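Thank you for making room for this on the agenda. I would like to walk through one model with you, going from its sheets to its helices, and then to its backbone details and its cavities.

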Amino acid sequence: MCMQHNKVLILDFGSQYTQLIARRVRELNIYCEIHPFNKIPSDSDSFRAVILSGSPNSVRGEDALHPDLSNIRGKKPLLAVCYGAQYLAHFSGGEVAASNTREYGRANLDFIKTGETFFEGISQGTQVWMSHSDTIKELPTGGVLLASTEDVENAAFKIEGEDTFAIQFHPEVYHTTDGKKVLENFLVKIADIEQDWTPNAFVEETVADLKSQLGNDKVVLGLSGGVDSSVAAMLLHKAIGENLYCIFVNNGLLRKNEFQDVLMQYQGMGLNVKGVDASARFLDALAGKSDPEQKRKTIGRVFIEVFDDEANLIKDVKWLAQGTIYPDVIESVSATGGPSATIKSHHNVGGLPDFMKLKVVEPLKALFKDEVRRVGASMHMDSQLLGRHPFPGPGLAIRILGDLTAEKVRILQEVDAVFINNLRSWNLYDKVWQAGAILLPVNSVGVMGDERTYEKCVALRAVESTDGMTADWVNLPYEFLQKTSNEIINKVKGVNRVVYDISSKPPATIEWE
């Protein structure tokens, strides 16, 4: 996508926090792009500032990552975070050594050099978040100390004569209280970047780019009823109008009554939508499969096969559109080819097989979930649609642990319906970022009336988040959990035990598979 704004380049050294840096920058209405540390864009001159991310690697190791900063350092504002700061120190006359204790968690900047624009408006003692096992013992040549903590002397420094700044803490994470202000000071006050990247600007420029990219070509898009595919559809509709063909596939793994509800939801939006019931095809392909990655890949394969069949019914269609967003990409492959570790594959990430003659267009793949919602709101889309909880592409397949059967799908659909409906009736739905139920591969002993039962156990999951990269469990009222548990056990045949998941991400993920 060709953005005409002042851009920030983020070089990825493999940190799982890299995407959070991008999100924080965009919250400042500044456009940024992430590129691998070893694949600096040829048009690097077009970037007004550069940020170096953290990394799981050590600058002291044989596998130390070496970026070519010859066209960056001293020539444009540079902010080095964690590994980036250690890199500047270690390879520029300073010293980095293993810390006696792992420096992880909250700390306070108790000693901030006054009069520095970089820390303007930030009070002594502000909380920051550390996450590193190496520490900077001596500053690099030209280094000037800016801040320390009780345990980390060289927590922040700058290079004399350059707009180069380095910090050992992570400004992008929630636990760094003034992290956003630190980034704002660097980008706005030091790099002098205008804050002109807004949802309206994204819509205008994305539609223009789509018109240029697609021309008069026909595009087929898979609608799911969720925020991502719906916003992608509206952007494409604005760009190519009647050349967009939307298809909603029932994979047999949707929520209760969702196939009919979603088709009704799109009425009046001006979209050309066709419903395809392929539930038997998906369930047949998934029979006997219990490994989560195998299930995801099977669903992705059948999904593509169904779309290939449908696309062949549309004369001269050339593109497949998808609602892929940033968290999908970073959890499937490292950001734009960088060194980050793969967490899990996503059904709509990774390209198309050779037999499919369609090219892929993904208008949202650079956005986080909250950004997608703001873009949708700028196009005046229905607030209830935009507020809908995220739902995994593989659907209930990854919420049924183990193998799949039609009966297990029925049970989980009923449980999920009780849970979600109760969240709505108790006015809790909009206070939760994502919620769902998980069918566990265990039976438990119970008693109903005078009879012993040996039936399924389900886990309820509700989390709060902003982008899906991190999440925490929601402290739902005990009365709500009690009522929901009783209703599930009384109404859903085959379930006799309900538990509530109180794990955060990390270390857990939002979904169980």
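**Two sheets and what surrounds them**

Let me begin with a single pair of residues, Val8, which stands opposite Ala49 in β3. Please keep in mind throughout that what you see is a predicted model. The pair belongs to strand β1, residues 7-12, and strand β3, residues 47-52, which run parallel and are joined by 5 bridges. On the sheet that holds them packs helix α3, residues 179-190, which touches β1, β3, β4 and β10 and whose direction makes about 155 degrees with that of β3.

If we step back to the whole of that sheet, we find 8 strands in an open arrangement with the order β2-β1-β3-β4-β10-β9-β8-β6, and the pairing among them is mixed. The edges are held by β2 (31-36) and β6 (111-112), and since each of these has a single partner strand, one side of each is left without a neighbour in the sheet. A further helix, α2, residues 83-90, lies across β3, β4 (78-81), β9 (156-159) and β10 (164-167), and it runs at about 105 degrees to β4.

As a general reminder before the next sheet, the strands of a sheet pair through backbone hydrogen bonds, and they do so either parallel or antiparallel.

In what order do the strands of the open sheet of 5 strands come, and with what pairing? The order is β13-β12-β11-β14-β15, and the pairing is parallel. Here β13 (273-277) and β15 (359-361) stand at the edges with a single partner strand each, so that one side of each has no neighbour in the sheet. On average, and with direction ignored, neighbouring strands of this sheet are turned by 30 degrees against each other.

Strand β11 is a convenient place to look at the register. On one side, β11, residues 218-223, pairs in the parallel sense with β14, residues 317-321, over 4 bridges, and Leu221 stands opposite Ala321 in β14. Towards β12, the strands again run parallel, with 5 bridges joining β11 to β12, and the bridge partner of Leu221 in β12 is Cys246. Strand β12 itself, residues 244-250, has 6 of its 7 residues buried, so it is largely enclosed by the rest of the structure.

**A covered helix and an exposed loop residue**

Helix α10, residues 369-378, is mostly covered, with 7 of its 10 residues buried. The buried residues are Lys369, Asp370, Glu371, Val372, Arg373, Val375 and Gly376, and you will notice that charged side chains appear in that list alongside nonpolar ones. What covers these residues includes α1 (18-27), α4 (199-214), α5 (227-240) and α11 (383-386).

Just after α10 comes His380, with a positive phi of about 60 degrees, in the loop between α10 and α11. Is His380 buried or exposed? His380 is exposed, with a relative accessible area of 73%.

**Backbone details**

In general, most residues other than glycine have a negative phi, and most peptide bonds are trans. Asn427 also has a positive phi, of about 55 degrees, although it is not a glycine. Asn427 lies in the loop between α12 (406-425) and β16, and it is exposed, with a relative accessible area of 62%.

Which residues does the cis peptide bond with omega of about -10 degrees join? It joins Lys505 and Pro506, and Pro506 lies in the segment after β19 (495-500). The peptide bond that follows, from Pro506 to Pro507, is cis as well, with omega near 10 degrees.

**Cavities**

Finally, a search of the whole structure finds 2 cavities of 30 Å³ or more. The second largest cavity has a volume of about 40 Å³, and its lining consists of Arg399, Gln434, Ala435, Gly436, Arg461, Ile510 and Glu511. By class, that lining has 2 nonpolar, 2 polar and 3 charged residues. Strand β16, residues 434-448, contributes the largest share of the lining, namely 3 residues.

Terms used:
Residues numbered from 1 in each chain as written. Predicted model: local features only at pLDDT ≥ 70, side-chain atom pairs only at ≥ 80, totals over all residues. Heavy atoms only, no water. Pairing = 2+ DSSP bridges. Helix = DSSP H or I, 4+ residues; strand = E, 2+ residues; numbered from the N terminus. Axes fitted to C-alpha atoms, helices over the stretch in contact; angles between N-to-C directions. 1 Å grid on protein atoms, 1.4 Å probe; cavity = no way out; pocket = protein on both sides within 12 Å on 5 of 7 lines; lining within 4 Å. Points joined across faces, edges and corners; volume = space filled by probe spheres on them. Buried < 20%, exposed > 50% of the residue type's maximum accessible area, 1.4 Å probe, protein only. Contact = heavy atoms within 4.5 Å.
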